[in-house]
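User: I am new to this structure and would like a close look at a single part of it. Please start there, then work outward to what surrounds that part.

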Amino acid sequence: MSTAAQPVPETLLKKRRDNAENREKLLKERTERKKANKGKRVLAFKRAESYVNEYKRKEREEIRLRRQAKNTGEFYVPAEAKVYFVIRLRGINEIAPKPRKIMQLLRLLQINNGVFIKVTKATANMLQIIEPYVTYGEANLKSVRELIYKRGYGKVNKQRIPLSDNKIIEENLGKYGVLSIEDLVHEIVTAGPHFKQASNFLWPFKLSNPTGGFRPRKFLHFVEGGEVGKREGNINPLIRRMN
């Protein structure tokens, strides 16, 4: 003798409906997220491509102006640097209060710390005061890119976080239009409108002692055979040896 099927409790039916709705919702969210991520990757690629073209145009223009100056027997004077990379070379001993304070403001708290600084009248005056304790110059595109890709860390909730994903950059700088590492590189290289936010987001670079060591008279000015002070484009070989 067969027994009639027992009715399914209302609570179980409700739970099943909720689970089905949740699965559908999660699937929809996952699909939308994949679509959004794909769009971001396409945008990042297009931006990176436009930056490469921009850098190439600038390089070709530099070459053209140099050749033109040479052909006319004139001197070509490059544009003033917009950004300096500053590296601290001395410790805390025998540093006067004023330069000590400036290095704190510039976040150069340890030996071999490096930061990007926008060149203004104020920062130029600050660099003159701390010149015996640092070296600085104009970092080129290759140096900026290698520093950020190899030693780049972001400041997130006062924590030092590796830049392993564009999502980290987007979450912290997305409101300024900086969505990827290449956007960050471009903002630094060109001293863009949001350079301050991009630079402050980057944790001070922790560099190694240079391969082959420093010059014997390290604390003499660079032009006198030492290491400290302004060195223009000669900062780039030093960055390679310390990166």
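User: In which hand, left or right, does helix 2 pass helix 3 in their crossing?

Analyst: The model is predicted, so read every value below as computed from that prediction.

Helix 2 passes helix 3 in a left-handed crossing. Start with the two partners. Helix 2 covers residues 97–105, and helix 3 covers residues 121–130. They pack with their axes 9 Å apart. The angle between them is about 130°. An angle over 145 degrees would count as roughly antiparallel, and 65 to 115 would count as roughly perpendicular. Helix 2 and helix 3 are therefore oblique to each other.

Two other helix pairs help to place this one. Both involve helix 4.

Take helix 4 and helix 6. Helix 4 runs over 141–151, and helix 6 over 181–189. Their axes lie 10 Å apart, at an angle of about 135°. Helix 4 and helix 6 are therefore oblique to each other. Their crossing is right-handed.

Now take helix 4 and helix 8. Helix 8 spans residues 235–242. It packs against helix 4 at an angle of about 20°, with the axes 10 Å apart. That makes helix 4 roughly parallel to helix 8. Here helix 4 passes helix 8 in a left-handed crossing.

Next, the strands. An open sheet holds five of them, in the order 6-2-1-3-7. Its pairing is mixed. The edges are strand 6 (205–206) and strand 7 (229–230), and each of these pairs on one side only. Inside the order, strand 1 sits beside strand 3. Strand 1 is residues 83–88, and strand 3 is residues 134–137. The two pair in the antiparallel sense over four bridges. One place to look is V86, whose bridge partner in strand 3 is Y136.

A hairpin can be picked out as well. Strand 4 (residues 153–156) and strand 5 (residues 159–162) form an antiparallel pair over four bridges. K155 has R160 in strand 5 as its bridge partner. Two residues lie between the strands of this hairpin. In the turn, N157 has a positive phi of about 50°.

Now the spaces. The structure holds one cavity of 30 Å³ or more. The largest cavity has about 30 Å³ of space. Its lining consists of R107, G114, V115, F116, S199, L202, W203, P204 and F205. Strand 2 (residues 113–118) gives the largest share of that lining, with three residues. By type, the lining of the largest cavity has six nonpolar residues, two polar and one charged.

The largest pocket has a volume of about 880 Å³. Its lining is made up of 23 residues. Nearest the centre of the pocket are K58, E62, E138, N140 and L141. Helix 1 (10–71) gives the most to this lining, seven residues. Helix 4 and helix 6 each supply at least two residues to the lining of the largest pocket, as does helix 1. So helix 4 and helix 6, the pair with the right-handed crossing, both take part in this lining. By type, the pocket lining divides into 10 nonpolar residues, nine charged and four polar.

To trace the picture on the model, begin at helix 2 and helix 3, with their left-handed crossing. Then find helix 4, which packs with helix 6 and with helix 8. Follow helix 4 and helix 6 to the largest pocket, where helix 1 joins them in the lining. Finish at strand 2, which contributes three residues to the lining of the largest cavity.

Methods. Residues are numbered from 1 along each chain as its sequence is written. This is a predicted model: local features need pLDDT of at least 70, side-chain atom pairs count only at pLDDT 80 or more; totals for chains, interfaces and linings use all residues. Side-chain values use heavy atoms; hydrogens and water are left out. On a 1 Å grid over the protein atoms alone, a cavity is a set of points where a 1.4 Å probe fits but cannot get out, and a pocket is an open set with protein on both sides within 12 Å along at least five of seven lines; lining residues have an atom within 4 Å of a point. Grid points are joined across faces, edges and corners, and a volume is the space filled by probe spheres set on the points. Ala, Val, Leu, Ile, Met, Phe, Trp, Tyr, Cys and Pro count as nonpolar, Asp, Glu, Lys and Arg as charged, and the others, Gly among them, as polar. Two strands pair if DSSP finds at least two bridges between them. Axes are lines fitted to C-alpha atoms, for helices over the stretch in contact, and angles run from 0 to 180 degrees between N-to-C directions. Angles under 35 degrees count as roughly parallel, over 145 as roughly antiparallel, 65 to 115 as roughly perpendicular and the rest as oblique. A crossing is left-handed if the near helix is turned anticlockwise from the far one by less than a right angle, and right-handed if clockwise.
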